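Please go through this model with me. I would like the reasoning behind each label, not just the label.

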Amino acid sequence: GGYCSEAISFVLGLSQRKDLTLQIAQHGDSFSWSFYAGLSHDVVDRLSAILIPFLEEDEFQKHIVLCHSEPGAWNPPNWKTSLCPPEGGALFTIGRTMFETDRLPKNWDKRINLMDEVWVPTEFHREVFAAGGVLKEKIVVVPEPIDVDFFDPCRTKKFILPNSDPENFKFLSVFKWEERKGWRFLLKAYFEEFSEQDNVEMLILTNQYHEDTDFAAVISEFIEKENIPSDSLPLIQILPSNLPSSIIPSVYKSVDAFVLPSRGEGWGRPHVEAMSMALPVIATNWSGPSAYMNDDNSYPLEISGFDEIEEGAFRGHKWARPSVTHLRTLLRHVYDNPEEAKRKGIQARRDMIEHYCPSCVTDLVMVQLQKIKEKIEIREKKHAEEKRRSDEKKEFDRNHSAPKGLDSFLENDCCPAEDIVEVEIDATTSKLL
C-alpha cells in the first residue's frame, strides 16, 4: 500500500547515514508477497540488512520509535498487527500519518496526541490535523521522498504496450479503483473531449479496492449510464494490475502525460513518480499534491466545490469535486501542445531532484531528529531535577518529623492510661497550678 511504499523510500534514504542507527520491523499493513516479489534485489537486500524480527520491550526505552501507519494501527491497535509503540514505552514516540478529506476520522486526535510528535507530509495536513484536535506543537511537516534514481527517464527503457499505436498521444492514470480517486471524472472528461478521430489513448493502471472488479464491465456500465455515444469512443486500455514494482518506471516512460483527477490525496505517490519521470502531470489542485504542483511544473486542475461523503466510515467528511470542464480543457491543451507539456515535465523532474530526493528529505529528517534529541535532553534534565527535589523533600521530612501528639502517644500504649496526670493551666500566668 501507500504507507509501505512511502516507508521504504524513507528507510532507503536514512540507511545511507553513517551517523544514524536504523532498524525496521513489519507494522500496520499486512504482508504482501506479491509486493515483495516486485521489489528489486537491491532494495530487498538493503531492507533485510536492517530488519529486526524481534526486540525486547525494555530495549525500546532506549530508542526513538516511529510508527509509520494510520493511527488505527497504533498501540492499542484496532486490528491484529505488531504493537507500535511497544508496551514498554520508548524514549520518544513519533507517528507518521496523513488523511485525504477535510477532517480527521473519529478518535484520531486522541491517538495522535498520545505520541510525542506526529509527522505529516504537507501544510494542508498541518491545518486539518490542528483543526481536528491534534496539539499544534506536536505536528511536524516532513514531505515524502521520491527515488529520483529509480524513477529516472534517462535510465529507463520503454514498456512494450500491447494493442497500442506508437503514433498515438498516450495519457496514463495510476490509481486504486475507488471513489476517492475520481475515476468517474476521468472517464467523463476523456470520453466527452476526445473521439476515435483523435490519435489518443488512455492507459489505466489500477487494482481492486477490497473486492474483485471487472474494470472493463464497470467502464461499459458507466458509458451507458452517462449516455455517452459508444460508436466513436477514443481508445482506452486497462493495463495488467499485477505488474511488478520494478518495471513501473518503464510504464511511465512509455506515455506522454499523466492525469489523475482524485478527490483527495495524502501525498500523491503516482504524481511524484510521474514528475520524477519528467512527465507533464494533470491533477487536482487540493490536498497533498498542492504542496508540490504549480503552474511551472504541472497542470493543476481546478475544483468546482466540495461534496459530502454519504456512506461508509467517513460519512459527513468532505472532499473535492474536480472540474470536468477544466479537465477537458487541460487534456486537450496537453494533447495540442506536447512541446510545452514536455518542458513542464522537465521542470517537474528538476523540482523532484531539488526538493524531494531521498537525501533531500533525509536531511530534513536529521534536522528534526536533532531537535528531538534536544527535547529528550531537556525532558531528562527536568525529570532529574524533579527527582532531586523529591528526594530532598523525603530526606527533610525524615529529619524534621513532628513529635507525636498525645492521642498518638496513648494509642501506641507508650504508658498506661492510669499513669496520666491531668493538669490545669492558667491562661493568664501560664504556670502549672
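**Questions and answers on the model**

Q: Which helix holds Tyr36?
A: Tyr36 is found in helix α2, which spans residues 33–37. The model is a predicted one.

Q: Why is Tyr36 called partly exposed?
A: Its relative accessible area is 37%. Buried means under 20% and exposed means over 50%. The value for Tyr36 lies in between, so Tyr36 is partly exposed.

Q: What makes Phe31, Trp33 and Tyr36 a patch?
A: Nonpolar side chains are joined within 5 Å, provided each residue has over 30% relative accessible area and no salt bridge. Phe31, Trp33 and Tyr36 form such a nonpolar patch on the surface. Together they have about 390 Å² of accessible area. For Tyr36, the 37% passes the area cut-off of over 30%.

Q: What does the whole protein chain contain, in helices and strands?
A: The protein chain has 13 helices and 12 strands. Of its 433 residues, 45% count as buried. It exposes about 24200 Å², and carbon and sulfur atoms supply 51% of that area.

Q: How do you know that β1 and β2 pair?
A: Two strands pair if at least two bridges are found between them. β1 and strand β2 (residues 92–96) have 5 bridges, so they pair, and in the parallel sense. One of the bridge partnerships sets Leu66 against Ile94 in β2.

Q: What is the strand order of the open sheet of 4 strands?
A: The order is β1-β2-β3-β4, with parallel pairing. What makes β1 (64–68) and β4 (139–141) edge strands? Each pairs on one side only. Neighbouring strands of this sheet are turned by 25 degrees against each other on average, direction ignored.

Q: Which helices lie across strands of that sheet?
A: Helix α1 (residues 2–14) lies across β1 and β2 and runs at about 145 degrees to β1. Helix α12 (residues 358–399) lies across β1, β2, β3 (117–120) and β4. Its angle to β3 is about 170 degrees.

Q: What is the strand order of the open sheet of 6 strands?
A: It reads β7-β6-β5-β8-β9-β10, with parallel pairing. Why are β7 (235–238) and β10 (299–301) at the edges? Each has a single partner strand, so one side of each is left without a neighbour in the sheet. The average turn between neighbouring strands here is 20 degrees, direction ignored.

Q: How do you know that β6 pairs with β5 and with β7?
A: The cut-off is at least two bridges. Strand β5 (residues 169–176) is joined to β6 by 8 bridges. β6 is joined to β7 by 4 bridges. Both counts meet the cut-off, so both are pairs. Leu172 has Leu203 in β6 as its bridge partner, and Ile204 stands opposite Ile238 in β7.

Q: Why is strand β6 described as largely enclosed?
A: 7 of the 8 residues of β6 (residues 200–207) are buried, so the rest of the structure largely encloses this strand.

Q: What makes Glu265 and Lys181 a salt bridge?
A: The rule asks for a side-chain nitrogen of Lys or Arg within 4 Å of a carboxyl oxygen of Asp or Glu. Here the N to O distance is 3.0 Å, so the pair qualifies. Glu265 sits in the loop between β8 and α9, and Lys181 in the loop between β5 and α6, 84 residues apart. Both Glu265 and Lys181 are buried.

Q: Why does the pair of Arg332 and Asp198 tie together separate parts?
A: Their side chains meet in a salt bridge of 3.3 Å, N to O. Arg332 lies in helix α10 and Asp198 in the loop between α6 and β6, so the linked parts are 134 residues apart in sequence. Asp198 has a relative accessible area of 18%, and buried means under 20%, so Asp198 is buried.

Q: Why are Arg398 and Glu395 about one helical turn apart?
A: They are 3 residues apart in helix α12, which means a separation of about one helical turn. Their closest N and O atoms are 2.3 Å apart, in a salt bridge. Arg398 counts as exposed because its relative accessibility is 57%, whereas Glu395, at 36%, is partly exposed.

Notes:
Residues numbered from 1 in each chain as written. Predicted model: local features only at pLDDT ≥ 70, side-chain atom pairs only at ≥ 80, totals over all residues. Heavy atoms only, no water. Patch = residues over 30% accessible without salt bridge, like charges linked within 9 Å, V, L, I, M, F, W, Y side chains within 5 Å. Areas by Shrake-Rupley, 256 points an atom, 1.4 Å probe, with all protein chains shown as cover. Helix = DSSP H or I, 4+ residues; strand = E, 2+ residues; numbered from the N terminus. Buried < 20%, exposed > 50% of the residue type's maximum accessible area, 1.4 Å probe, protein only. Axes fitted to C-alpha atoms, helices over the stretch in contact; angles between N-to-C directions. Contact = heavy atoms within 4.5 Å.
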